[in-house]
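I opened my notebook and went through this structure entry by entry. Here is what I looked up.

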Amino acid sequence: MTETTPQTRTFEWTGRTDGPGPEHARWHSTVQTAPLEQLLDGAAPAAGQVPGRDANAQGTDASPAPAGGTAGSGAAAERPAVDLIGFSSDAGVARNKGRVGAAEGPDALRTGLASLAIREPRTLTDFGTIVVADDAGLEPGQDRLSDAVAGSVRRGAVPCVLGGGHETAWGTFRGLRAELAAKAEQAGTRTPRLGILNLDQHFDLREEDRPTSGTPFRQIAELLKAAGEDFVYGVVGLSEVNNTTAGFETAEALGVRVLLDVDCTVQAAVRFARELIDSVDALYMTLDLDVLPASVAPGVSAPAGYGVNLDIIRAVMLEAARSGKLAGFDVVELNPRFDTDSRTARTAARLIDDVVRALA
Ligand SMILES: N=CN[C@@H](CCC(=O)O)C(=O)O
Ligand SMILES: [Mn+2]
Ligand SMILES: [Mn+2]
């Protein structure tokens, strides 16, 4: 193993337990764990073959779920399986001169999810966390994340990446794109148009000497331009005064679609999301938690002055989840060091749970 090969870390799913069986199911008793390497080397079973407890009975490589049982009474649900992949990284925020702490985000999100009750069958697998140990580990970590996300899509699951700063997006997007293209090639169909729906105060289109948490969508735009593919990128909740004229000029040149925070209503935001979704074959959704009001989401690097109300963010995320086009999503920029009463983590966990439940 070279010096910069990212390490992985696992999480112990525990939480309140009221008894056994599906009637007492919570995330901690439903999530199965499996090694990240299974996604990287293709050893992970097809997602449809991992229906909670049944998977253990069939002797898959996934570790047994803790006592409590999988939610629901039937076989695997019709809804897609969801794979959790953590991306523990402070490197992007540090390079972007923000306040670090996002590396602690993945486990804080899992802790927020652990005791949430589950009332219908779900297939959830946690493949652990890719750890970016230092600055030099960022690019190898992003590459590994991309490979893991591709592995998740390959097995038929919807990857849910737990960041990390917004540099997470450079890993998530490339993994989705690579595997969607590979599947299309296999099927002899055209490469799907993969759109990006970013819920964020910021464009994250910065031009820098090296990648940061403020550059992922410029990196993606450049990647797609070089490949002759369209850059379909929409931002919900952008704050006009937290992005410079240079940022707006870049966005305009790249054809970025924008809905400002001050223009966000449920109706306008859902319409914005719908139009973007209708214009693509597949969707990558990325939630930067700093889009929420600072009272709801204090635990981020750059808390919002205004922010977009939670009901609007939730409505947009549900629209994406129900569309049938959501190929994968990530939740980024949680900084537990500033998260009073774990407010941000609790809110993010509810949003993740809502998306998972709503997946078409
Ligand atoms: N991930 C992006 N972050 C913002 C940070 C802005 C700030 O610190 O005020 C950006 O680069 O624009
Ligand atoms: Mn961002
Ligand atoms: Mn942001």
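My entries follow, from the overall fold to single residues.

**Entry 1: the whole chain**

I am working with a predicted model. I began with secondary structure and found 12 helices and 10 strands in the chain. Next I checked the radius of gyration, which is 19 Å. The globule rule gives 21 Å for 360 residues, and the value for this chain is close to that, so I noted the chain as being as compact as a globular protein of that length. I also took the span of the C-alpha trace along its principal axes, about 60 × 50 × 45 Å. Buried residues account for 55% of the 360 residues. I then turned to contacts between residues at least 6 apart in sequence, and 78% of these join residues at least 24 apart.

**Entry 2: the nonpolar core**

Which residues touch the most other members of the largest nonpolar core? I found Leu 283 and Ala 320, in a core of 101 residues. Helix 12 (residues 343-358) supplies the largest share of this core, 7 residues. I listed the contacts of Ala 320, leaving out residues up to four places away in sequence. They are Leu 197, Ala 273, Ile 277, Leu 283, Met 285 and Leu 326. In soluble globular proteins, nonpolar side chains tend to be buried together.

**Entry 3: around ligand 1**

I looked up the residues around ligand 1. They are Asn 96, Gly 98, His 166, His 202, Asp 204, Arg 206, Ser 213, Gly 214, Asn 242 and Ala 302. By class, I noted 1 nonpolar, 7 polar and 2 charged residues in this shell.

**Entry 4: the UniProt positions**

I turned to the UniProt record, an unreviewed entry. It lists Asp 200, His 202, Asp 288 and Asp 290 under "binding site". These positions are spread over 91 residues of sequence, yet they cluster in space, with a largest C-alpha distance of 8.8 Å. His 202 is listed there, and I had also found His 202 around ligand 1.

I took Asp 200 next. Asp 200 sits in the loop between strand 6 (194-199) and helix 8 (216-227). Is Asp 200 buried or exposed? I call Asp 200 buried, because 28 other C-beta atoms lie within 10 Å. Not counting residues up to four places away in sequence, Asp 200 touches Val 235, Gly 237, Leu 238, Asp 288, Asp 290 and Val 291.

Then I looked at Asp 288, in strand 9 (residues 282-288). Asp 288 is buried too, because 29 other C-beta atoms lie within 10 Å. With the same residues left out, its contacts are His 166, Asn 198, Leu 199, Asp 200, Val 332 and Glu 333. One of these, His 166, is also among the residues around ligand 1.

**Entry 5: backbone oddities**

I scanned the backbone last. Most residues other than glycine have a negative phi, and most peptide bonds are trans.

Which peptide bond is cis? I found the one from Gly 163 to Gly 164, with omega near 20°. Gly 164 lies in the loop between strand 5 (158-163) and helix 7 (168-187).

Asp 341 is not a glycine, yet its phi is positive, about 55°. Ser 342 also has a positive phi of about 55° without being a glycine. I placed Asp 341 in the loop between strand 10 (326-332) and helix 12. Ser 342 is in the loop between strand 10 and helix 12 as well. I marked Asp 341 as exposed, because 9 other C-beta atoms lie within 10 Å. Ser 342 is partly exposed, because its count within 10 Å is 16 other C-beta atoms.

Terms used
Residues are numbered from 1 along each chain as its sequence is written. Chains are lettered from A and ligands numbered from 1 in the order in which they are written. This is a predicted model: local features need pLDDT of at least 70, side-chain atom pairs count only at pLDDT 80 or more; totals for chains, interfaces and linings use all residues. A residue is near a molecule or strand if its C-beta atom, placed from the backbone, lies within 6 Å of it. Ala, Val, Leu, Ile, Met, Phe, Trp, Tyr, Cys and Pro count as nonpolar, Asp, Glu, Lys and Arg as charged, and the others, Gly among them, as polar. UniProt positions are given in the numbering used here, feature names are shortened, and annotations may be inferred rather than shown by experiment. Helices (H or I, at least four residues) and strands (E, at least two) are DSSP runs, numbered from the N terminus. A residue is buried if 20 or more other C-beta atoms lie within 10 Å of its own, exposed if 12 or fewer, and partly exposed in between; C-beta atoms are placed from the backbone. Two residues are in contact if their C-beta atoms, placed from the backbone, lie within 7 Å. The radius of gyration is taken over C-alpha atoms; the globule rule is 2.2 Å times the number of residues to the power 0.38. A nonpolar core is a set of buried Ala, Val, Leu, Ile, Met, Phe, Trp, Tyr and Cys residues joined through C-beta atoms within 7 Å.
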